[in-house]
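Colleague: I would like a close look at a single part of this model. Please pick out one helix packing and go through it in order.

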Amino acid sequence: MLSQGQQQEVLDYAKTLGTDADNIKFYSYDAPSNYSDMLDTVFVGPDIYPGTGATSSVIDRLSMKATLAHEIVGHRYSTLAGRDFEAGSMLDEFQASYRAAKLAPDLNSTERFQLLKDSVRRLHSEGVTVKQFKATSFD
């Protein structure tokens, strides 16, 4: 599980992203970080830090800031704006990484590149190009 220092680091960056601590909950067991649109809450698991979760996912390779930006800027803010896709769909995951890469503050160029690479990989898995997606969606 996350230490108090790690939890505070997550809360500090969430605040930078404009999200209150009330919208962040920490798992007391090993579960993947995710955003619940029904509860408007980001649930944070050990995988928020690279290589520390039991699951093996794309998020495991991202920094804490990139992962949290994916959940908050990508999922939470697109949901609150009514610009999300079906929760859990590849298109929703694409949008989350793409928005985080473009819009999240305080990410370095490596974090932005990793998020963009993740977004394109997810979109291509649906047989859609970025150009096709942008022509029918947001930006």
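Modeller: What follows is a walk through the packing of helix 1 against helix 2, with a short look at two single residues afterwards. Please keep in mind that the model is predicted.

Two packed helices are described by the angle between their axes and the distance between the axes. Here helix 1 covers residues 4–16 and helix 2 covers residues 64–80. Their axes lie 10 Å apart, and the packing angle is about 50°. An angle from 65 to 115 degrees would count as roughly perpendicular, and one under 35 degrees as roughly parallel; helix 1 and helix 2 are therefore oblique to each other. The crossing of helix 1 past helix 2 is right-handed. On the side of helix 1, the contact is made by E9, V10, Y13 and A14. Helix 2 contributes M64, K65, L68, A69 and I72. By type, the residues of this contact are seven nonpolar and two charged, with no polar ones.

Helix 2 also holds R76. The relative accessible area of R76 is 8%, and buried means under 20%, so R76 is buried. Leaving out residues up to four places away in sequence, R76 touches T19, N23, Y35, D40 and E71.

The other single residue is T129, in the loop between helix 4 (109–124) and helix 5 (130–136). T129 has a relative accessibility of 37% and counts as partly exposed. Apart from neighbours within four places in sequence, T129 is in contact with L123 and H124.

Note on methods:
Residues are numbered from 1 along each chain as its sequence is written. This is a predicted model: local features need pLDDT of at least 70, side-chain atom pairs count only at pLDDT 80 or more; totals for chains, interfaces and linings use all residues. Side-chain values use heavy atoms; hydrogens and water are left out. Axes are lines fitted to C-alpha atoms, for helices over the stretch in contact, and angles run from 0 to 180 degrees between N-to-C directions. Helices (H or I, at least four residues) and strands (E, at least two) are DSSP runs, numbered from the N terminus. Angles under 35 degrees count as roughly parallel, over 145 as roughly antiparallel, 65 to 115 as roughly perpendicular and the rest as oblique. A crossing is left-handed if the near helix is turned anticlockwise from the far one by less than a right angle, and right-handed if clockwise. Contact means heavy atoms within 4.5 Å. Ala, Val, Leu, Ile, Met, Phe, Trp, Tyr, Cys and Pro count as nonpolar, Asp, Glu, Lys and Arg as charged, and the others, Gly among them, as polar. Buried means under 20% relative accessible area, exposed over 50%, partly exposed in between (1.4 Å probe, protein chains only).
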